[in-house]
Amino acid sequence: MRIDVLSIFPDMFKPMTESIIGKAVNRGLVDFSVTDFRNFTNNKHNNVDDTPFGGGAGMLLTPQPIFDAMDAIKAKAGDYGRVILLDPAGVPFTQAVAEDLSGEEHITFIAGHYEGYDERIRELVTDEISLGDYVLTGGELGAMVIIDATVRLIPEVLGNRESAIGDSFSTGLLEYPQYTRPADFRGRQVPEVLTSGNHAKIAEWRMKESLRRTYLRRPDLLEKIELTKEQVKLLAEVEAEETTD
Ligand code: 4GS
């Protein structure tokens, strides 16, 4: 996968060379490049923003440096693939969006840092994505979050140790509680079933606790998935247990 980012703060992307994403780059699974679009300005002060026509507060990202930086990416890579604009008015970012993007060969992010974008910039864009209902100082952190969640879904990026299988949100449920050694830590015991060696009982306990956690913390997620007969039975047990005490 090739990932391009347009940003006037290229140093903000330095953390992307760490950890699993950095390894994916080093292993040649991801080709990652940040373009500072301030280098593409045509004015003598290298301004990338200007005041809005019609008046009002705040500055807008002007189209010229963005269009020219996009032309440069096209000249280098042949095309820009999916073009993502980080914007609070975009579709909320979810695991489903990450799964969709992880199948792409090329993604280009436009990360702005001002009040807003000149509307003509949206002409270049295939997807407008919001990180959530809050206001950031710029699109850079949003682009990094989307890159992180997307790249880890590329086959081969995660080893067995960090497997994406069973992640919360890919199953539609929150993860069940987990324990490692010691079985007794300062008098706090690991649930007995987990040390019983009975794999069917362990699987049932995990499913039930996954349902319990989702029921208690994120009941909205239960509305979005189709439960099996077994899960319906376990959820009924959880509901009974959680309403009596
Ligand atoms: C988001 C967001 C955002 C909007 C950038 C105000 C500076 C800011 N971008 N998801 N101007 N939420 N952008 O808050 O993507």
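The centres of domain 1 and domain 2, taken over C-alpha atoms, are separated by 38 Å. This value, like those that follow, comes from a predicted model. Domain 1 spans residues 2-161 of the protein chain, and domain 2 spans residues 169-244.

**The sheet**

An open sheet is formed by five strands with parallel pairing, and their order is S2-S1-S6-S5-S8. The edges are occupied by strand S2 (31-35) and S8; each has a single partner strand, so one side of each is left without a neighbour in the sheet. On average, and with direction ignored, neighbouring strands of this sheet are turned by 30 degrees against each other.

In general, the strands of a sheet pair through backbone hydrogen bonds, in either a parallel or an antiparallel manner. Here, S5 and strand S6 (residues 106-110) run parallel and are joined by four bridges. Ile107 in S6 has Arg82 standing opposite.

Which strands does helix H4 lie across? H4 lies across strand S1 (2-6), S2, S5, S6 and S8. With respect to S6, H4 runs at about 160 degrees.

**Asp87 in strand S5**

Strand S5 comprises residues 82-92 and contains Asp87. Is Asp87 buried or exposed? Asp87 has a relative accessible area of 11% and is therefore buried, as the cut-off for a buried residue is under 20%. When neighbours within four places in sequence are left aside, Asp87 is in contact with Tyr117, Arg122, Ile129 and Ser130.

**The annotated binding site**

An unreviewed UniProt entry places the feature "binding site" at Gly112, Leu131, Gly132, Asp133, Tyr134, Val135 and Leu136. Among these annotated positions are Asp133 and Val135. Asp133 is found in the loop between strand S8 (127-130) and helix H4 (140-151), and Val135 is likewise found in the loop between S8 and H4.

Asp133 counts as exposed because its relative accessibility is 80%, and Val135 counts as exposed because its relative accessibility is 78%; the cut-off for an exposed residue is over 50%.

The accessibility values of the three aspartate and valine residues discussed are listed below.

| Residue | Location | Relative accessibility |
|---|---|---|
| Asp87 | strand S5 (residues 82-92) | 11%, buried |
| Asp133 | loop between S8 and H4 | 80%, exposed |
| Val135 | loop between S8 and H4 | 78%, exposed |

Conventions:
Residues numbered from 1 in each chain as written. Predicted model: local features only at pLDDT ≥ 70, side-chain atom pairs only at ≥ 80, totals over all residues. Heavy atoms only, no water. UniProt positions renumbered as here; feature names shortened; annotations may be inferred. Helix = DSSP H or I, 4+ residues; strand = E, 2+ residues; numbered from the N terminus. Buried < 20%, exposed > 50% of the residue type's maximum accessible area, 1.4 Å probe, protein only. Contact = heavy atoms within 4.5 Å. Domains from an automatic or database assignment. Pairing = 2+ DSSP bridges. Axes fitted to C-alpha atoms, helices over the stretch in contact; angles between N-to-C directions.
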